[in-house]
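Here are a few exercises to work through with the model on screen. Try each one yourself before you read its solution.

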Amino acid sequence: MAAFDPNYLVCSFRSPFADCKNQFNELADGIYFASIVTDEFCDHILGCIRDFDDERKNDAPESANSMHWNAIKTKQLGIDPLVYSFVSFFDREISRHILPERLRVPIDALHSYIVRYGQSWDQGLGFHVDDSFLTLNICLNDGFTGSELVFQGERCPIHVDTGSSAEEQICIEHKKGSMVVHPGKNRHYVNQISSGERYNLIIWCQSDTERDNWFDALKTGECLEFCGMRSSS
Ligand SMILES: [Zn+2]
């Protein structure tokens, strides 16, 4: 499976008349959840992870980012063409049906990796924002409990450590083949895993403009348009 093929979409997405908007559950402003890819798609990636682990038993994987000990870059798994073609499919066929205009900016770069949670791996993940304007997060397996993804609302860098309102607090239980789409600057964390192992494909869609705006705001101290503190103040 070198490139993404629409056959790896679940039936409800495959029909030429599929109404993407109805397939996605909008859980909060900019956060969407849908069952989207088949078990075959997930199992293919899990197989690549197994092969990688077998070949590299004694080598530490390159660090995918500073927050995860056990993440593996998709590049190391040889699945970048698959990831890139999936994002291009999402960009072409799905984003305009679900995303507000502010989240449909040109993608300048992608950073993608597999996260693994389990008793002998990362067990949870602290509160953070992503280095992305939009993140796609696909769960690759079943058979775990806990490890829910919890959102706390979008913030600019000035207000990143402020509290959240009840409406901003969204807790998502991952399911194999489901995807969470969310703004990178919606703060989130991962609850401790209680049993089993969870594998997810994380794709950070990055924009030079978004990143510049973020760092400019840090310098100027000005709150950004999307920040939840603007509407509450
Ligand atoms: Zn702000």
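The exercises below go from the overall shape to the core and then to the sheet.

This is a predicted model: local features need pLDDT of at least 70, side-chain atom pairs count only at pLDDT 80 or more, and totals for chains, interfaces and linings use all residues. Residues are numbered from 1 along each chain, as its sequence is written.

**Exercise 1.** Find how many helices and strands the protein chain has, and why it counts as compact.

*Solution.* Start by counting: there are seven helices and 13 strands (DSSP runs, H or I of at least four residues and E of at least two, numbered from the N terminus). Next, the radius of gyration is 17 Å, close to the 17 Å the globule rule gives for 233 residues, so the chain is as compact as a globular protein of that length (taken over C-alpha atoms; the rule is 2.2 Å times the number of residues to the power 0.38).

**Exercise 2.** Work out which strand gives the largest share of the largest nonpolar core.

*Solution.* First, the core has 48 residues, and Val37 and Ile114 are among those with the most contacts inside it (buried Ala, Val, Leu, Ile, Met, Phe, Trp, Tyr and Cys joined through C-beta atoms within 7 Å; buried means 20 or more other C-beta atoms within 10 Å, with C-beta atoms placed from the backbone). Then look at S13: it supplies six residues, the largest share.

**Exercise 3.** Trace the open sheet and find its edges.

*Solution.* Its seven strands run S1-S2-S10-S6-S13-S4-S3, with antiparallel pairing (a pair needs at least two DSSP bridges). S1 and S3 stand at the edges with a single partner strand each, so one side of each lacks a neighbour in the sheet. Now zoom in: S2 and S10 pair over four bridges, and Ala34 has Met179 in S10 as its bridge partner.

Conventions:
A residue is buried if 20 or more other C-beta atoms lie within 10 Å of its own, exposed if 12 or fewer, and partly exposed in between; C-beta atoms are placed from the backbone.
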